[in-house]
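Let's walk through this one together, going from a single side chain to the sulfur links and then to the nonpolar interior. Have the viewer open as you read.

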Amino acid sequence: MSGGTADRGDLAVLTQDIPTGSGVHKLLPNLRNAGKCVNIIPLKDSQQSEIERVELGNFGTQAILAIKTYSGYQNVDVEADTQVNGLTVSKQKFQTTDTNKGIITDVSGCRLSGFAYKTNTTVRDSNICSTVTCDVSGVATAVSDCGPMERCHGNGSCVLNAMCSVTGSTVIDFVGRVQSVPDRCGYTLMGSLLFPGLQLLGVFQERRRKDVSFLDRVILQLEGAGVQISMEQGGRVQLDDKVLTLNARAQLVHGIELSRDQTGVTAKISVSNYTASILFDGYTTLIHVTGTSGAAVDGLCGNSTRSFNEEKGLKYTAMQYDDTADSTINCNTTTEWCNLLKQAPFTACNKHINPEPFITACTNTLCKYPAVDGLKCQNLEAYARACSHHSNVTMESWRKKTSCREAFCKDRFCSAHEFCGERDVGEPSCLCRAIFASKYRSTGEPTVCQQSSTSIIMANCLLEDKSIDYSGLHLNDQACKAEMDNLTHMVMFKFNSNNTCGTVIMANNSQIIYKNTIMTRNVSTYGLINRHSPVHIDLSCYYTQPDVKTVAIEVKHSSVIQEITSGEWNYNLTMKAYTDPDRMNAIQTSNDIEMNQKIWVELKTDGLDERMVHVVTDSCWATDQPSPSGSLRYDLIIKGCPSPTDQTVKVEGNGLGTSNYFSFNTFQFSAKTGAVYLHCRLELCVKQNNACASLCSHNDRRRRSATSKYEDENPAFISMSWTY
């Protein structure tokens, strides 16, 4: 609009609703929506005289333009260009004789995938490989020329670009369908239609529960070469029975590029015009295929309608088990967690990869299986990885938002009857699979008797479940110790007539009977206390199972409440014990707490003003008597910091508020029976520049005073006990 002398303007926004049926709607019959607001832009000259006026109205998916010129505007046609993102979508020209009276016109349009379209038009857009219809109301619909496994190349052509994700027991195939593997078996994830001679198998096994299976390893079967490459937990890769050593630099193995980095193991296959990239991190596999259009893919990841039974691997037998439901699982809480995939920062990827199949996979697993071993985060990570590989979208902040750690089992090798999980919080361990563990009443196989020797094999994962360190076991002769197989993690004791290991040999009815005992060394690791259950396993050819005597402890008082008067502050102090770091599962008198089990003790106050005063746990110790001044004493916290002699003690939040907590592994006093009493001494500290916080050295676990010591005239004592 260059025909006037206007050189300045204003902006006013009219937010009054304009209902359908108004005068504007009568002038523009295609205007279907009610008006929401109008932007009024008067254009003036240097004398503040209005020369022209422009109005832009928002009517939902539609928009209007109104123009009026005044006497100061010269007799020049008015041209209006409608632009989206700086690109002109349409041009309109109006004569001054009309604009002097005032004109109003429809400037509605549609936006789709970053492109703009005129209303009441249908066009084929090669940029998005779709036929787009923009109706009179400004609503666009598109019919894609590409198939469900294809993406637009941007020049009107479609190319194969699809991803299949398998995590836990759930398969999200190339077109987004969700399937759950119902049993322990090996299934074809991708057959040989796309890559002749290659069969990609996923092997599923149970973990803590018998009725829920998890992806355990991914196998590439090369039919022409007669070999198979197995990608396993802990980043382990085997070519048949040979373990391969891999790094970030790809190496070619039978035509397949293999590499390993911090994200897992990647296998890359290229045949003709197609490429497949298979990433496996020990929990999730992502299969990304690219190439020319028109390809068919079979297997559970493919677009076929074959059943699970038809996709079963030839060498595998499906085994389905039942298990009792876990009453501790809250499916509503699980659903809320899984729906995080529809919140920031995951929303950055929602338009590229539909989060709904991943949410379904997440809820299907966590509503049946406890949220342990980092499982909650594995489902979120599967989505984040898919976004990164398929659409090059990274969400760096998702771990911080969800408090999810990196996978902790990347380099942990476990045997076939084990899986990598958390026995203690944050500590990777090889745990027994549920079906394997259910075969044993105790720790291992029956005693094997031969003509002049005896042996017994025990599973190390079962021993560790009972807090038994196999390296501390021996026979009657302490020089006769166990040997553990590095591949199977089975522990063996054996003796014979040449090396009796202190065996008592008796003759009875012409039979030679060997009797011996597996026991722990009579040495306490901690001196005053003992954190490992005493072991006494009698070996005899007549017994089919060993007997492990485990001392379990039962918390006598899981919660102690005491009213304290300290100076001018009156408050209630509670000491409560829990079995989890989130302090949600309080220990009850009916709970059986094992020796060397980690427990969390929370010291919580009620009635203190956190803005004025903080609570400091000065010291905690255990005695074998109710009195805190008992002669037999074992320190857990000294001067606000963990005892330097006990590496299991961790203190959290001490002096940072009106409550704090600490954790340690349970124990009993050596050569003592009865209750163990826990005592804690607490003091109040006036809050000033964080002077209450305990600054403990990481190396010597001693308190370093940064300011003057807090003072409290009446320190609080509180006690609780447990029995075994």
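Start at Ser108, in the loop that runs between β8 (103–106) and β9 (109–112). Keep in mind that what you're looking at is a predicted model. Is Ser108 buried or exposed? Its relative accessibility is 11%, and the cut-off for buried is under 20%, so Ser108 counts as buried.

Now look at what the Ser108 side chain is doing. It makes a polar contact with the side chain of Asp106, at 2.6 Å. The side chain of Ser108 also reaches a backbone atom, the nitrogen of Ala63, at 2.9 Å. If you set aside the neighbours within four places in sequence, the residues in contact with Ser108 are Gln62, Ala63 and Thr119. Ala63 thus turns up both in that contact list and as the partner whose backbone nitrogen the serine side chain reaches.

On to the sulfurs. How many disulfides does the model have? Taking a pair of cysteine sulfur atoms within 2.5 Å as the rule, the count comes to 14 disulfides. Three of them are worth a visit here.

Begin with the link between Cys129 and Cys152, where the S to S distance is 2.1 Å. The torsion about its S-S bond is 65°, and the link is right-handed. Cys129 sits in the loop between β11 (121–125) and β12 (130–134), while Cys152 belongs to strand β14 (residues 150–152), so the disulfide ties together parts that are 23 residues apart in sequence. The two ends have their own surroundings: Cys129 counts as buried because its relative accessibility is 0%, and Cys152 is partly exposed, with a relative accessible area of 28%.

Next comes the disulfide that joins Cys377 to Cys404, with an S to S distance of 2.1 Å. Which hand does this disulfide have? The torsion about the S-S bond is about -85°, so the link of Cys377 and Cys404 is left-handed. The pair links distant parts of the chain, with Cys377 in helix α6 (residues 375–391) and Cys404 in the loop between α7 (398–402) and β29 (418–424), 27 residues apart. Both Cys377 and Cys404 are buried.

The loop between α7 and β29 also holds Cys414. Cys414 forms a disulfide with Cys430, and their sulfur atoms are 2.2 Å apart. Here the S-S torsion is about -90°, so this disulfide is left-handed. Cys430 lies in strand β30 (residues 427–432), so the link ties together parts that are 16 residues apart in sequence. Cys414 counts as buried at 11% relative accessibility, and Cys430 is buried too, with a relative accessible area of 5%.

Finally, the nonpolar interior. In soluble globular proteins, nonpolar side chains tend to be buried together. The largest nonpolar core in this model has 44 residues, and those with the most contacts inside it are Phe174, Leu220, Ile287 and Val289. Try selecting Leu220: beyond its neighbours within four places in sequence, its contacts include Leu198, Leu200, Val227, Ile229, Met231, Ile256, Ala267, Ile269 and Ile278. Gln199 and Gln228 are also in contact with Leu220. Apart from that core lies another, of 31 residues, among them Ile172, Leu286, Phe358 and Ala386.

Definitions and conventions
Residues are numbered from 1 along each chain as its sequence is written. This is a predicted model: local features need pLDDT of at least 70, side-chain atom pairs count only at pLDDT 80 or more; totals for chains, interfaces and linings use all residues. Side-chain values use heavy atoms; hydrogens and water are left out. Helices (H or I, at least four residues) and strands (E, at least two) are DSSP runs, numbered from the N terminus. Buried means under 20% relative accessible area, exposed over 50%, partly exposed in between (1.4 Å probe, protein chains only). A polar contact is a pair of N or O atoms within 3.5 Å; within protein, one must be able to donate a hydrogen and the other to accept it, and residues adjacent in sequence count only if both atoms are side-chain atoms. Contact means heavy atoms within 4.5 Å. A nonpolar core is a set of buried Ala, Val, Leu, Ile, Met, Phe, Trp, Tyr and Cys residues joined through side-chain atoms within 4.5 Å.
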